[in-house]
Amino acid sequence: MWKLKESMLGNDDDEGSREGLLDEESDGFFSLSPMQRIYAFAAFFVAGLVCMILSLIVFAKPITFAVLFTFGNLLAVGSTAFLLGPVQQMRMMFDSARVYATAIYLGCVVLALICALWIHNKILTIIAIISELCALIWYSLSYIPFARRMVSGLMMRLCDTEL
């Protein structure tokens, strides 16, 4: 809080030693205690789950379903930023091991919202939600060592058409 007060009042004589408010090491305005991080994570994760459950209630209206489901998805995935911090979360999301999974997931989220809010096509919206769910599963598997390789191998064995 002291850094915020100094930066607003301009009482800092040494320009070179000033740290930014958003630095990772900053314990100023944007820092949370570990318990506050856990509470915020739990609140956002539960809010995301509630939105996803509520979306199942309005499944008959695919546009409302898509908006609630996607919003719940984003809340649940974004909740982990409270545990790791937003900078570390972005680094992990765009790590070379999961950059494609992240891009596909975010693309499916955007596609689902476009189909629901702009195109207003129920069939396209449901297809986009199914692809969003598959992309979320694939993205989540990227955090478990060797999980994507195991699932790929399992799917190849299950879908093998050789007799």
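UniProt annotations may be inferred rather than shown by experiment, and the positions quoted from UniProt here follow the numbering used for this chain. With that in mind, the unreviewed UniProt entry lists "transmembrane region" for residues 38-59, 65-87, 99-119 and 125-147. The structure examined against this record is a predicted model. Two of the listed stretches can be described directly from the coordinates. Residues 38-59 are 91% helix and 0% strand, with the end C-alpha atoms 31 Å apart. For residues 65-87 the values are again 91% helix and 0% strand, and the end C-alpha atoms are 31 Å apart.

We may turn next to the packing between helices. The largest nonpolar core has 10 residues, namely M52, F65, A66, F69, A76, A112, C115, A116, A128 and I129. At least two residues of this core come from each of α3 (62-78), α6 (99-119) and α7 (122-141). Helix α3 gives the largest share, with 4 residues. One member of the core, F69, is in contact with M52, S55, I129, E132 and L133, once neighbours within four places in sequence are set aside. A second core, separate from this one, holds 9 residues, among them V77, M93, A101 and Y139.

Helix α7 deserves a closer look. Its 20 residues should span 28 Å at 1.5 Å a residue, so the 29 Å between its end C-alpha atoms agrees with that expectation. The buried residues of α7 are T125, A128, I129, E132, A135, L136, Y139 and L141. Their cover includes α3, α5 (86-93), α6 and α8 (147-158). At the N-terminal end of α7, N121 acts as a cap, with a side-chain oxygen 3.1 Å from the backbone nitrogen of I123.

L124, also in helix α7, offers a contrast with the buried positions just named. This residue has a relative accessible area of 37%, and therefore counts as partly exposed, since that value falls between the 20% limit for buried and the 50% limit for exposed. Apart from residues up to four places away in sequence, L124 touches C115 and I119. The C-alpha atoms of L124 and I114 are 9.7 Å apart in space, while the two residues are 10 apart in sequence.

The second core also leads to a residue of helix α6, T102. The relative accessibility of T102 is 0%, so T102 counts as buried. Beyond its neighbours within four places in sequence, T102 is in contact with M93, F94 and Y139. Of these partners, M93 and Y139 are included in the second core.

The loops beside α7 provide two further points of backbone interest. Most residues other than glycine have a negative phi. H120, in the loop between α6 and α7, has a positive phi near 60° although it is a residue other than glycine. F146 belongs to the loop between α7 and α8, and its phi, near 65°, is likewise positive in a residue other than glycine. The side chain setting of F146 can be stated as well: with a relative accessibility of 58%, F146 counts as exposed because the value is over 50%.

Methods. Residues numbered from 1 in each chain as written. Predicted model: local features only at pLDDT ≥ 70, side-chain atom pairs only at ≥ 80, totals over all residues. Heavy atoms only, no water. Core = buried A, V, L, I, M, F, W, Y, C linked by side-chain atoms within 4.5 Å. Buried < 20%, exposed > 50% of the residue type's maximum accessible area, 1.4 Å probe, protein only. Contact = heavy atoms within 4.5 Å. Expected span 1.5 Å × (residues − 1). Polar contact = N/O pair within 3.5 Å; in protein donor to acceptor, adjacent residues only side chain to side chain.
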